[in-house]
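Here's a quick briefing to read alongside the model. Have the viewer open and follow along as you go.

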Amino acid sequence: MTRAWLLPILFLASGAAIAAALIAGGSAGEGVSLLVGFALLSGLNSPLVFPRSLSAAEARRRSAADGRPIVFWRPGCAYCLRLRFRLRRHARRLHWVDIWRDPEAAAAVRAVNDGNETVPTVFVAGRPHTNPDPAWVREQLAR
């Protein structure tokens, strides 16, 4: 859990330190705008921008029932963030599994990616697809 928040906290702490130095040096406007920028960067790299994460077992159970794809992801992954934002509102229709919170999920990803935890790995009808194009994932939801 703490590993998922390390990068956002680091961004926020760095931004606060730099902003404090700028404000103390007389550049209040620049310091505040820099702090806001770092706060946004922190938010984008946090688990909060992703739908609620399920366990791998629960995602498989739900996917078997409704046929929706499963996305294995991790916080701080630029490709996962790209997939999430390019899917827009359709992202909520997928089952999201954070591999840093679920060891079984991490093992499933390693099993299909030559021992690497390469994410996003999307399982559609039980078949893995590593870092697929977001448009392709959207098509799978339409089926």
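Strand 3 (residues 121–124) and strand 4 (residues 127–130) pair in the antiparallel sense, with four bridges between them. This is a predicted model, so take what follows as a reading of the prediction. The hairpin comes up before the rest of the sheet, then the helices, then a handful of single residues.

**The hairpin**
- Thr 121 has Thr 130 of strand 4 as its bridge partner.
- Two residues sit between strand 3 and strand 4 in this hairpin, and Ala 125 takes a positive phi there, near 55 degrees.
- Ala 125 isn't a glycine, yet it has that positive phi; its place is the loop between strand 3 and strand 4.
- With 77% relative accessibility, Ala 125 counts as exposed.

**The sheet as a whole**
- The hairpin strands belong to an open sheet of four strands, ordered 2-1-3-4, and the pairing is mixed.
- Why do strand 2 and strand 4 each have one side without a neighbour in the sheet? Strand 2 (95–98) and strand 4 are at the edges and each has a single partner strand, so one side of each is left open in that sense.
- From one strand to the next, the twist averages 25 degrees.
- Strand 1 (residues 70–73) and strand 2 run parallel, joined by four bridges.
- If you want a landmark in that pair, look at Phe 72, whose bridge partner in strand 2 is Val 97.

**Helix 3 and what it meets**
- Helix 3 lies across strand 1 and strand 2, and its angle to strand 2 is about 165 degrees.
- Helix 3 (residues 56–66) also meets helix 5 (residues 103–112): their axes come within 8 Å and cross at roughly 70 degrees.
- That angle makes helix 3 roughly perpendicular to helix 5.
- On the helix 3 side, the contact is made by Ala 56, Ala 57 and Arg 60, and on the helix 5 side by Glu 104, Ala 105 and Ala 108.
- Sorted by class, the contact between helix 3 and helix 5 has four nonpolar residues, two charged ones and no polar ones.
- Ala 65 is also part of helix 3, and it is exposed, with a relative accessible area of 68%.
- Ala 65 and Ala 16 are 49 residues apart in sequence, and their C-alpha atoms are 46 Å apart in space.

**The loop between helix 5 and strand 3**
- Pro 120 is in this loop, and the peptide bond leading to it from Val 119 is cis, with omega near 0 degrees.
- Asp 114 lies in the loop between helix 5 and strand 3 too.
- Asp 114 is another residue other than glycine with a positive phi, near 55 degrees.
- Buried or exposed? Asp 114 counts as exposed, at 77% relative accessibility.

**Buried residues and cysteines**
- Gln 140 sits in helix 6 (residues 134–142), and it is buried, with a relative accessible area of 10%.
- Which residues does Gln 140 contact, leaving aside its neighbours within four places in sequence? Those contacts are with Pro 69 and Val 124.
- Cys 77 counts as buried at 5% relative accessibility, and Cys 80 counts as buried at 0%.
- How many disulfides does the structure hold? There are zero disulfides.

Notes:
Residues are numbered from 1 along each chain as its sequence is written. This is a predicted model: local features need pLDDT of at least 70, side-chain atom pairs count only at pLDDT 80 or more; totals for chains, interfaces and linings use all residues. Side-chain values use heavy atoms; hydrogens and water are left out. Axes are lines fitted to C-alpha atoms, for helices over the stretch in contact, and angles run from 0 to 180 degrees between N-to-C directions. Angles under 35 degrees count as roughly parallel, over 145 as roughly antiparallel, 65 to 115 as roughly perpendicular and the rest as oblique. Contact means heavy atoms within 4.5 Å. Ala, Val, Leu, Ile, Met, Phe, Trp, Tyr, Cys and Pro count as nonpolar, Asp, Glu, Lys and Arg as charged, and the others, Gly among them, as polar. A disulfide is a pair of cysteine sulfur atoms within 2.5 Å. Buried means under 20% relative accessible area, exposed over 50%, partly exposed in between (1.4 Å probe, protein chains only). Two strands pair if DSSP finds at least two bridges between them.
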